Amino acid sequence: MSTLVRKVLQGVRRTLKGTRRPNGGQAKGGTYSERVMLRLNAGKTHASLGPKLKPGSAERAQRTLDRLVERGLQPEDTFIDYGCGTLRVGALLINYLAPDRYIGLDIDQRLLDLGREMLSAEVTSEKRPTLRVISPETIDEVAARRPDWIFSNGVVQHISPEDLKVYFANMRTLATTQTKICIKVSKLEEKSARKSPNTWFHSLVEVEGAAKLAGLFVQNFTSTSGGTGGWLVLQTEEGQHLTTSDTSASIQGKLT
Ligand SMILES: C[S@@+](CC[C@H](N)C(=O)[O-])C[C@H]1O[C@@H](n2cnc3c(N)ncnc32)[C@H](O)[C@@H]1O
């Protein structure tokens, strides 16, 4: 582990000292971030966050970048990675994209700090990635850069049905009529269900409904091979009218 990464984890450890319960035991962490931080702080592996990724996780990140390039990602595109975590996919995107084109958003500054520390100094100074904690102000700031892409990988399952509305409303604010919105969902179920304190498996119908409420419409859904998840491509209502291909009938078939 590099000195920089160790320093960030020491900072995380200091922050978590403030979360002890009155009985003296370490809080288990009510929020998703707290649980993740406790795990990273203990030096454990994680499927997508921190310096110690589980086996196969880095390879899956590379495949995700390959799929984005197949879907038309170009180095000059402005790209938002919504729920970027510690830049598992983000670091590959930063490397692929031209300077000032990558924008990583997340709910927790500590994850963004850790992700930044894991980038080399050369990459940081050459590519100048933007990393921001999600807030009304940062959403407005980033929307002004008129992103070509909004991508969100492995995030939906950590958002409650209630908070899906905010998730899609933010994406709607960020999107122009031309923005490609790609959401990669690792698991969908027939009926939405809470699997653990911070994990929900949503149904495609529910995700589509929340997106529609925010003014985003499903253009395409491709299920991942061998899995129950897939890639959901969304666009704004105005963007729909600009799209020439009529895919809506086949999509509706998959959504019901
Ligand atoms: C499983 S990690 C995926 C990280 C990254 N996208 C990747 O593929 O490596 C889920 C990420 O979603 C973030 N997250 C959780 N709830 C969120 C929300 N409501 N809005 C945006 N990001 C959220 C977490 O902080 C975490 O970084």
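**Close-up 1. Strand β9 and its two partners in the predicted model.** Strand β5 (residues 180-185) and β9 are joined over 5 bridges in the antiparallel sense. Within this pairing, L234 of β9 is the bridge partner of I181. Strand β8 (residues 216-223) also runs antiparallel to β9, and 7 bridges connect the two. Here, Q235 of β9 stands opposite F217. Strand β9 covers residues 230-236, and 5 of its 7 residues are buried, so the strand is largely enclosed by the rest of the structure. The structure shown in this and the following views is a predicted model.

**Close-up 2. The open sheet.** The sheet is built from 7 strands in the order β3-β2-β1-β4-β5-β9-β8, is open, and has mixed pairing. Its edge strands, β3 (130-133) and β8, each pair on one side only. On average, neighbouring strands of this sheet are turned by 20° against each other, with direction ignored.

**Close-up 3. The pairing of β1 with β2 and the packing of helix α7.** Strand β1 (residues 79-82) pairs with strand β2 (residues 102-106) in the parallel sense, over 4 bridges. In this pairing, I103 of β2 is the bridge partner of I80. Helix α7 (residues 136-143) packs on the sheet and touches β1, β2 and β3. The direction of helix α7 makes about 150° with that of β3.

**Close-up 4. Helix α8 across the sheet.** Helix α8, formed by residues 164-174, lies across five strands named here as β1, β4 (149-153), β5, β8 and β9. Relative to β8, helix α8 runs at about 110°. Among the strands that helix α8 lies across, β9 has 5 of its 7 residues buried.

**Close-up 5. The surroundings of the ligand.** There are 22 residues around the ligand, and S48, G83, G85, R88 and N153 come nearest. By residue class, the shell around the ligand divides into 11 nonpolar, 7 polar and 4 charged residues.

**Close-up 6. K52 in the loop between α2 and α3.** K52 is located in the loop that lies between α2 (32-41) and α3 (57-70). This residue has 14 C-beta neighbours inside 10 Å and therefore counts as partly exposed. When residues up to four places away in sequence are not counted, K52 touches T45 and H46. L40 is 12 residues from K52 along the chain, and the C-alpha atoms of these two residues are separated by 8.3 Å.

Notes: Residues are numbered from 1 along each chain as its sequence is written. This is a predicted model: local features need pLDDT of at least 70, side-chain atom pairs count only at pLDDT 80 or more; totals for chains, interfaces and linings use all residues. A residue is near a molecule or strand if its C-beta atom, placed from the backbone, lies within 6 Å of it. Ala, Val, Leu, Ile, Met, Phe, Trp, Tyr, Cys and Pro count as nonpolar, Asp, Glu, Lys and Arg as charged, and the others, Gly among them, as polar. A residue is buried if 20 or more other C-beta atoms lie within 10 Å of its own, exposed if 12 or fewer, and partly exposed in between; C-beta atoms are placed from the backbone. Two strands pair if DSSP finds at least two bridges between them. Axes are lines fitted to C-alpha atoms, for helices over the stretch in contact, and angles run from 0 to 180 degrees between N-to-C directions. Two residues are in contact if their C-beta atoms, placed from the backbone, lie within 7 Å.
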